[in-house]
Amino acid sequence: MELLTGRLLLRRPAEDDAADALAMLQDPEVVRWNPAPAVVDVQSARAWCARGADWSDGTHATWHAVDRSTGRLVANCAIFAIDHDHATGMIGCRVAPWQRRRGIGSEVVEVVTRWGFTALGLARVQLEHAVANVGSCRVAVNAGFVYEGLLRSGSRDGLGERHDNHVHGRLATDPVPDITAAIARP
């Protein structure tokens, strides 16, 4: 299964993504806001990619976004904590440091969310992020997620510090956002 945008191909993670995945997961911003502490070398990155590609338990759908012109990994995005009884899920995204501030996160989150509504029949997708993680807030808003509230001391970051979290939600009935402004931003 693949999803296409003008500049990206979204597909299941592949073991060939391991070197770029390792570089992304070792980036200080990813280590702080969305760590994968078990990924420490190319071998563990390969295993991480393989786990993401296995959707068989129905609790997540993990995607890797690659640049259509180079084939290089630019982002990782997952719908997780899928609850089929309530038709809900959560979404998270990591953007490779070599691709930040180009609208990649918003583009990927929007496309994967739309896929979750149509392919999985979800009625609601939720995105949470630490208040201090301003980039993730921008991604959520640009991808059509509505700010819904604050979770006090809602998470611990990769450095062990506790943070309040913003909660954003998007419903299947919400209008599809125009993310061209986020993509065009320098």
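These are my notebook entries on a predicted model, taken in the order I looked things up.

**Entry 1. The sheet.**
I began with the strands. Eight of them form an open sheet, and I read their order as S1-S2-S3-S4-S5-S6-S8-S7, with mixed pairing. At the edges I found strand S1 (2-4) and strand S7 (146-156), each of which pairs on one side only. I also looked up the turn between neighbouring strands of this sheet: it is 25° on average, direction ignored. For my own reference I noted that strands of a sheet pair through backbone hydrogen bonds, either parallel or antiparallel.

**Entry 2. Strand pairs.**
I then went through some of the pairs. S2 and S3 are antiparallel and share four bridges. In this part of the sheet I found Leu10 opposite Ala65 in S3. S4 and S5 also run antiparallel, and seven bridges join them. Here Asp83 stands opposite Thr88 in S5. S5 and S6, on the other hand, pair in the parallel sense, over three bridges. Thr88 turned up again in this pair, where it stands opposite Arg124 in S6. Between S5 and S6 the chain passes through H4, and I noted this β-α-β crossover as right-handed.

**Entry 3. Two alanines with positive phi.**
Which residues other than glycine take a positive phi in or beside S4? I found Ala81 and Ala87. Ala81 has a phi of about 50° although it is not a glycine, and it lies in strand S4. Its relative accessibility is 47%, so I put Ala81 down as partly exposed. Ala87 has a phi near 55° and sits in the loop between S4 and S5. That hairpin has four residues between the strands. Ala87 has a relative accessible area of 18%, so I listed it as buried, the cut-off being under 20%.

**Entry 4. The largest core.**
Next I looked for the nonpolar residues inside. The largest nonpolar core has 28 residues, and Leu10, Trp63, Ile91, Val108, Val109, Val112 and Phe145 are those with the most contacts inside it. Which elements supply at least two residues each? I listed strand S2 (8-11), strand S3 (61-67), strand S4 (73-83), strand S5 (88-95), helix H4 (104-119), strand S6 (124-130) and helix H5 (134-142). The largest share, seven residues, comes from H4. I picked Val112 for a closer look. Leaving aside its neighbours within four places in sequence, Val112 is in contact with Leu10, Trp63, Cys77, Ile79 and Ile91. Apart from this core I found another, of 13 residues, with Ala18, Leu22, Met24 and Cys49 among them. I added a general remark here: in soluble globular proteins, nonpolar side chains tend to be buried together.

**Entry 5. Helix H5.**
Where do the buried residues of H5 lie, seen down its axis? The buried residues are Cys137, Val139 and Ala140. They fall within an arc of 160°, so they line one face of the helix. I then checked what they pack against, and found H4, S6 and strand S8 (162-171). Just after H5, I noted that Gly144 takes a positive phi of about 90°.

**Entry 6. Gln126.**
I looked up one polar residue in the sheet. Gln126 has its place in strand S6. Is Gln126 buried or exposed? At 18% relative accessibility it counts as buried. Leaving aside its neighbours within four places in sequence, I found Gln126 in contact with Gly89, Met90, Ile91, Phe145, Val167, His168 and Gly169. Of these, Ile91 and Phe145 were already on my list for the largest core.

**Entry 7. Ile179.**
My last stop was the loop between S8 and helix H6 (180-184), where Ile179 is found. Its relative accessibility is 11%, so Ile179 counts as buried. What does Ile179 contact, leaving aside its neighbours within four places in sequence? I listed Ser106, Glu107, Glu110, Asn142 and Ala143. I also checked its separation from Glu128: the two are 51 residues apart in sequence and 20 Å apart in space, C-alpha to C-alpha.

Definitions and conventions:
Residues are numbered from 1 along each chain as its sequence is written. This is a predicted model: local features need pLDDT of at least 70, side-chain atom pairs count only at pLDDT 80 or more; totals for chains, interfaces and linings use all residues. Side-chain values use heavy atoms; hydrogens and water are left out. A nonpolar core is a set of buried Ala, Val, Leu, Ile, Met, Phe, Trp, Tyr and Cys residues joined through side-chain atoms within 4.5 Å. Buried means under 20% relative accessible area, exposed over 50%, partly exposed in between (1.4 Å probe, protein chains only). Contact means heavy atoms within 4.5 Å. The arc is that of the directions from the helix axis to the C-beta atoms. Two strands pair if DSSP finds at least two bridges between them. Axes are lines fitted to C-alpha atoms, for helices over the stretch in contact, and angles run from 0 to 180 degrees between N-to-C directions. A crossover is right-handed if, with the strands pointing away from the viewer, the path from the first strand over the helix to the second runs clockwise.
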